[in-house]
2 protein chains.
Amino acid sequence: MDNHLAAQDSPGSIPRCTHDYQVSCGNCRLAGICLPLALETEDIDRLDDIVQRGKPLQKNEHIYREGDAFNAIFAVRSGTLKAYKTTDDGREQVTGFYFPGEILALDGISENVHSSSAIALETSAICEIPFDALESLSSSLPSLQRHFLQLMSREITEDQQLITLLSKNSAEERVAALMLSISTRNSRRRLSPTHFRLSMSRLDIGNYLGLTVETVSRVFSRMQKLNVLRVDNKEIEILDTDSLRTMANVGS
Amino acid sequence: MDNHLAAQDSPGSIPRCTHDYQVSCGNCRLAGICLPLALETEDIDRLDDIVQRGKPLQKNEHIYREGDAFNAIFAVRSGTLKAYKTTDDGREQVTGFYFPGEILALDGISENVHSSSAIALETSAICEIPFDALESLSSSLPSLQRHFLQLMSREITEDQQLITLLSKNSAEERVAALMLSISTRNSRRRLSPTHFRLSMSRLDIGNYLGLTVETVSRVFSRMQKLNVLRVDNKEIEILDTDSLRTMANVGS
DNA sequence: CCAATCGCTTGATGCAGGTCAATAGAATAA
DNA sequence: TTATTCTATTGACCTGCATCAAGCGATTGG
């Protein structure tokens, strides 16, 4: 069992240096979409005190696994993470992809145990936020408390959108919706909304959307033929956002 | 637009009387599974002060609709509620059924607007808990804060279970899982886990599970033939819980 | 460098569950 | 009570996606 990036910057280990992963919440360019969003400068410092940053995770490293004790939530600083659950018969269900600025492990609070696993899809940096400390800080910072509840509520809303997608939409609509979701999330981070590299495999996409690899692949091919998408392996270019939106047939 | 049971017990309206719906949180027999769960006696009184109880909702009355301003969450005291979203093309997606002791409207916190609608499936009584007041109270009662976060987290976990169900399980497995879920929730309220009346229609069940009415009906018939369930319209009797669990093929 | 493995694509076929249709039973209104 | 409407059941048929299978490009290790 690896130690989840605890105490990586203790004296004697890797020397502190100018690496990007040593930023504070105050300097972090994700502050505007992450936890600090709701806070004043001095309050950000108080948050910053409890946030722990470690050395980046390698591809396929876990942050936590289903069943692990829950002690902290995690914010993505760079890279992409995948959350998934394992069903009793051993199959995997991907429950979400997490990009920089997004928060993982909110499902662990209810039972004090992680109810899903989280794994890096590529080299990724994360911030660990001990839950006890966050809870106490929340009590004295109403805007943080509020913002945190909003984050949890948003997770619920997003899960419900996925539920709708899975129960009502065709393969094409599901894939289109995911591409639009990634596009939107890229915009928030001031990255290109039309040109990006998928960090997840076709298998992950299919698993997340309740489809097989083959179906995902066929949908991509079809969309390429229709000049809606250009697909070159993991490289995606959205050629016609409007058509894609029409295909997705879901709100916003 | 109806008023969501506000101020129903103001002087001059229906006289206060001995109706069951005038209980306090302290006396409520659902206290053990509802919000008061985490609290000491004197703290329950403080919670009780902010909880508003009104006259029961009739069947098909809404508590709130998608897009309404979010001001409060709601606890079910009796009856059954259904939460649903309307997709842009006008179709409905049922996102959950709510039984006594369960909390609705947690998805409204993120945007300060209800992101789903809630409607009574039968005559139901509910408690309205103004969110601002709950937030302030939470700040001074850590155990309440904790418990509330746990409730939200549980909603996330449950949504993720539904996601898995929808994307991985067959029609039979889905229906079996729902019957077991209702059975379990009945146990918590000390009602029969094997004999109950469905308050929702086949359409609602199908919608929730991503199936058509016809499929739901066929699955019920099949299960009846296999002596797993006895189905008489809305009246359900579980004859063989073990087989039902095997059919459901989902954890716990 | 080549070999081996893994991930992706494409085609052929089958089936679970959707769709359409008809009927029957329950609930509600007159 | 009967008429009307709503809900549930059952059957026949069809289709979108899964499954099975084969081949190919990309990545990794020796």
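**Exercise 1. Sort the residues of strand β7 (residues 117-120) of chain A by face: which are on the covered face and which on the uncovered one?**

Keep in mind that this is a predicted model.

Step 1. Pick out the covered face of β7(A): A:Ala118 and A:Ala120 sit there.

Step 2. Turn to the other face of β7(A), the uncovered one, and you get A:Ser117 and A:Ile119.

**Exercise 2. Work out which way β2 (residues 62-64) and β4 (residues 81-86) of chain A run against β7(A): parallel or antiparallel?**

Step 1. Start with β2(A). It is joined to β7(A) by two bridges, and the two strands run antiparallel. For a concrete pair, take A:His62, whose bridge partner in β7(A) is A:Ile119. That partner belongs to the uncovered face of β7(A).

Step 2. Now β4(A). Its pairing with β7(A) is antiparallel too, over four bridges. Here A:Ala83 stands opposite A:Ala118 of β7(A), and A:Ala118 is on the covered face.

**Exercise 3. Place A:Gly54: in which loop is it found, and why does it count as partly exposed?**

Step 1. Find the loop: A:Gly54 is in the one between β1 (52-53) and β2 of chain A.

Step 2. Count neighbours. A:Gly54 has 18 C-beta neighbours inside 10 Å, so it counts as partly exposed. The buried class would need 20 or more, and the exposed class 12 or fewer.

Step 3. Check for a contact across the sequence. A:Ile126 is 72 residues away from A:Gly54 along the chain, yet their C-alpha atoms are 7.2 Å apart in space.

**Exercise 4. Describe the side of chain B that touches chain A: which elements build it, and how many residues of each class does it have?**

Step 1. Get the totals: 38 residues of chain B are in contact with 38 residues of chain A.

Step 2. List the elements of chain B that give two or more residues to this side: β5 (92-98), α2 (131-140) and α3 (142-168). The largest share comes from α3(B), with 19 residues.

Step 3. Split by class: ten residues on this side are nonpolar, 17 polar and eleven charged.

**Exercise 5. Identify the symmetry: what rotation and shift superpose chain B on chain A?**

Step 1. Read off the operation: a rotation of 180° with 0.0 Å of shift along its axis, at an RMSD of 0.0 Å.

Step 2. Name it. This is the relation of a two-fold axis.

Step 3. Locate the axis. Within chain B, the C-alpha of B:Ser139 is nearest to the axis, at 2.3 Å.

Step 4. Compare the contact surfaces. Both copies use the same surface, with 100% of the contact residues of chain B recurring in chain A.

**Exercise 6. Go round the two DNA strands: which residues come closest to strand D and nearest to strand C?**

Step 1. Strand D is surrounded by 18 residues, the closest being A:Ser170, A:Thr215, B:Arg202, B:Ser217 and B:Ser221. The elements giving two or more residues here are α6 (213-225) of chain A, plus α5 (202-209) and α6 (213-225) of chain B. The largest share, six residues, belongs to α6(B). By class, this surface has six nonpolar, eight polar and four charged residues.

Step 2. Strand C has 19 residues around it, and A:Arg202, A:Ser217, A:Ser221, B:Ser170 and B:Thr215 come nearest. Two or more residues each come from α5 (202-209) and α6 of chain A and from α6 of chain B. This time α6(A) gives the most, six residues. The surface near strand C divides into six nonpolar, nine polar and four charged residues.

Terms used. Residues numbered from 1 in each chain as written. Chains lettered and ligands numbered in written order. Predicted model: local features only at pLDDT ≥ 70, side-chain atom pairs only at ≥ 80, totals over all residues. Near = placed C-beta within 6 Å. Nonpolar A, V, L, I, M, F, W, Y, C, P; charged D, E, K, R; others polar. Contact = placed C-beta atoms within 7 Å. Pairing = 2+ DSSP bridges. Least-squares fit on C-alpha atoms with pLDDT ≥ 70 in both.
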